[in-house]
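I sat down with a fresh model today and kept a running notebook. Here is what I looked up, in the order I got curious about it.

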Amino acid sequence: MAGRTVRVLGFPAELPTDRAVDKLTIHFLRTRNGGGDIADVRVLPGSPPCALITFEAPEVAQRILRVKNHVLKIRRTRYPLEVTLHAAELRPDEVLRG
């Protein structure tokens with residue numbers, strides 16, 4: 001089903017992958033952020049790193065995209081996130097976390 005995956009930039013590159021997955025999952029599960037049930041979170045290495053978050057339903061991804069200011073809070077630091085629709089869908093047979 002198309003339109004369920006968003007691409008996220010702006011979280012700190014020094015954050016370990018498993019911690020980034022946890023923090024992003026918590027943020028995008030919260031209804032106050034427009035979130036909902038998540039099927040997969042994948043953090044891709046790079047400079048800057050990005051994450052692909054696939055939701056169970058496309059409506060959740062659309063709600064996420066309508067929220068203008070996503071801010072990830074880690075301790076006392078706030079990281080503004082850039083969230084865009086990702087064109088490709090993740091397949092269930094792909095490796096889930098890198």
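The entries below go from the overall fold to single residues.

**Entry 1: the whole chain.** I noted at the start that this is a predicted model. I then looked up the secondary structure and found two helices and five strands in the protein chain. Read from the N terminus, the elements follow the order β-α-β-β-α-β-β. I also checked burial: 44% of the 98 residues count as buried. For the surface, I noted about 6,000 Å² exposed by the protein chain, with 52% of it supplied by carbon and sulfur atoms. Among contacts with a separation of 6 or more, 67% are between residues 24 or more positions apart.

**Entry 2: the sheet.** In which order do the five strands sit in the sheet? I read off S2-S3-S1-S5-S4, an open sheet with antiparallel pairing. S2 (38-44) and S4 (70-74) are at the edges with a single partner strand each, so each has one side without a neighbour in the sheet. On average, neighbouring strands here are turned by 30° against each other, direction ignored. I followed one edge further: S4 and S5 (residues 77-85) run antiparallel and are joined by five bridges. Within S5, Pro80 is the residue opposite Val71.

**Entry 3: the helices.** Next I looked up what each helix lies across. H1 (residues 17-29) lies across S1 (5-9), S2, S3 (50-55), S4 and S5, and its direction is at about 140° to S2. H2 (residues 58-66) lies across S1, S3, S4 and S5, and runs at about 125° to S5.

**Entry 4: the core.** A general reminder to myself: in soluble globular proteins, nonpolar side chains tend to be buried together. Here, the largest nonpolar core has 23 residues, and Val8, Phe11, Leu24, Phe28, Ile53 and Phe55 touch the most other members. I went through the elements and saw that S1, H1, S2, S3, H2, S4 and S5 each supply at least two residues of this core. The largest share, four residues, comes from H1. I then picked Leu24 and listed its contacts, leaving out residues up to four places away in sequence: Val8, Phe11, Val43, Ala51, Ile53, Leu72 and Leu81.

**Entry 5: Leu81.** That list led me to Leu81, which lies in strand S5. Is Leu81 buried or exposed? Its relative accessible area is 10%, so Leu81 falls under the 20% cut-off and is buried. With residues up to four places away again left out, Leu81 touches Val8, Leu9, Gly10, Phe11, Leu24, His27, Phe28, His70 and Leu72. I looked at one of these partners more carefully: Leu81 and Val8 are 73 residues apart along the chain, yet their C-alpha atoms are separated by 6.5 Å.

**Entry 6: two loops.** I finished with the backbone. Where does Pro48 lie? I found Pro48 in the loop between S2 and S3, and the peptide bond joining Ser47 and Pro48 is cis, with omega about 0°. In the loop between S4 and S5 I came to Arg75. Arg75 is not a glycine, but has a positive phi of about 55°. Its relative accessible area is 74%, which is over the 50% cut-off, so I wrote Arg75 down as exposed.

Key. Residues numbered from 1 in each chain as written. Predicted model: local features only at pLDDT ≥ 70, side-chain atom pairs only at ≥ 80, totals over all residues. Heavy atoms only, no water. Pairing = 2+ DSSP bridges. Axes fitted to C-alpha atoms, helices over the stretch in contact; angles between N-to-C directions. Contact = heavy atoms within 4.5 Å. Core = buried A, V, L, I, M, F, W, Y, C linked by side-chain atoms within 4.5 Å. Buried < 20%, exposed > 50% of the residue type's maximum accessible area, 1.4 Å probe, protein only. Areas by Shrake-Rupley, 256 points an atom, 1.4 Å probe, with all protein chains shown as cover.
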